[in-house]
Amino acid sequence: AGPARIIDGTKIAADIRGEIKQQAADLLSKHGITPGLAVVLVGQRTDSATYVRMKKKAADECGFFSVDRKFDESVTQQQLIDTIKELNADPKVHGILVQLPLPRHIDEATVLETIDVSKDVDGFSATNIGNMCLRGGKPPLAVPCTPAGCVELLQRSGVEVSGKEVVVIGRSNIVGMPVAHLLMSMDATVTICHSRTKDLPGHVRKADIVVAAVGAAEMVKGDWIKPGATVIDVGVNSKPAPENPRGYVLCGDVDFESAKLVAGAITPVPGGVGPMTIAMLMKNTVNLARHAAGLPRIP
Ligand code: NDP
């Protein structure tokens, strides 16, 4: 096997945003609806500010209505809750996103719970997560964006999931846990690994598909990868790079250089899962706007 086919998330995400733009235009011409996305940002984290800027840019390009609510680090929990209630009541807003993490004096769960389920564009609410996990239940109104992006990358790259051995490294509420459920619902046999897993390399070596969502720079080595396996690298880490003007470069949770020699297909960082997350946010916004109008969701 190898060298691996590079799964181009930038290209696939641009294709999807083009489709969403068309769907938004249809929604406007046929039903008079403009999808609306509200983004709530707290504090000065540069990574959060960058993500919010990219999300707003994508929303503008898709022809959405968008609103920002920016707050100082010192904002109170009640102020955030009041803002969300206001957005819940605003008929122009179909999706509400609170950029995480929030400052430590604020309880994230309490703030997120305030978002109306029908506007939970990140799909993080207990109702949407529950409906995603229940078999044969009603479909969630939105599925978490990064996990949905991983699935979409596999589908659009023609990677078969049914019957495959999948190892997901990480079990967070926003990535590891939901991506494992989605892949299980697509009939994969899923193993979820985490910080207490014994012999992580041994698990990874059995996987036809590896999803790495850890937050540890280049932890997964090429000799952990089964020859021909598909590797989806969710991690966004920085590593020192004296030759770079910024002094660092981004890297994933997978050691790309060694893994690409063994894998059948692999996502790069940057340019893999990252752009897909934003594309899926746009898709969720359109689907929530459709839901609000009683229209069926776009698969
Ligand atoms: P969390 O920190 O919430 O979760 C990390 C998970 O990795 C935990 O389940 C943890 O286990 C597990 N873990 C930590 N160390 C190890 C280890 N040595 N071996 C095995 N498992 C380990 O992170 P997130 O899920 O929020 O994010 C994961 C990564 O994905 C980060 O790099 C983040 O930046 C990136 N990310 C990228 C996005 C994108 O759009 N591309 C979007 C969201 C995140 P335990 O549960 O036992 O603590």
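Start by selecting strands S8 and S11: they pair in the parallel sense over two bridges. (Strands here are DSSP E runs of at least two residues and helices are H or I runs of at least four, numbered from the N terminus; two strands pair if DSSP finds at least two bridges between them.) Before you go on, know that this is a predicted model, where local features need pLDDT of at least 70 and side-chain atom pairs count only at pLDDT 80 or more, while totals for chains, interfaces and linings use all residues. Residue numbers run from 1 along each chain as its sequence is written.

**Stop 1: around S8**

Click on Thr-230, which stands opposite Ala-265 in S11. Now show all of S8, residues 230-233. Thr-230 and Ile-232 are buried on one side, Val-231 and Asp-233 on the other, so both faces of the strand are covered. (Buried means 20 or more other C-beta atoms within 10 Å of the residue's own, exposed means 12 or fewer, and partly exposed is in between, with C-beta atoms placed from the backbone.) In a regular strand, side chains alternate between the two faces of the sheet. Next add S7, which runs parallel to S8 and is joined to it by four bridges; Val-211 has Ile-232 as its bridge partner.

**Stop 2: the six-stranded sheet**

Zoom out to the open sheet, ordered S1-S11-S8-S7-S5-S6 with parallel pairing. Which strands stand at the edges? They are S1 (5-6) and S6 (189-193), each with a single partner strand, so one side of each has no neighbour in the sheet. The partner of S1 is S11 (residues 265-266), in the parallel sense over two bridges, and there Ile-6 is matched with Ile-266. Then select helix H7 (residues 176-185), which packs on this sheet and touches S5 (165-169), S6 and S7 (209-212). Its direction makes about 170° with that of S6. (Contact means C-beta atoms, placed from the backbone, within 7 Å; axes are lines fitted to C-alpha atoms, for helices over the stretch in contact, and angles run from 0 to 180 degrees between N-to-C directions.)

**Stop 3: the three-stranded sheet**

Move to the open sheet with the order S3-S2-S4, again with parallel pairing. S3 and S4 (95-98) are its edge strands, each pairing on one side only. Neighbouring strands are turned by 15° against each other on average, direction ignored. Seven bridges join S2 to S3, and Leu-41 sits opposite Lys-70 in S3. Two helices to add are H2, lying across S2 and S3 at about 170° to S2, and H3 (residues 77-89), lying across S2, S3 and S4 at about 175° to S2.

**Stop 4: helix H2**

Stay with H2 (residues 46-61) and colour Tyr-51, Lys-55, Ala-58 and Ala-59, which are buried. They cover an arc of only 100° around the axis (taken from the directions from the helix axis to the C-beta atoms), which puts them on the same side of H2. Their cover includes H1 (9-31), S2 (36-42), S3 (65-71) and H10 (273-292). Turn to the face away from the buried side for the exposed Thr-46, Thr-50, Lys-57 and Asp-60. Just past the helix, Gly-63 takes a positive phi of about 85°.

**Last stop: the whole chain**

Show everything: 10 helices and 11 strands. The C-alpha trace spans about 55 × 40 × 35 Å along its principal axes, and 43% of the 299 residues count as buried.
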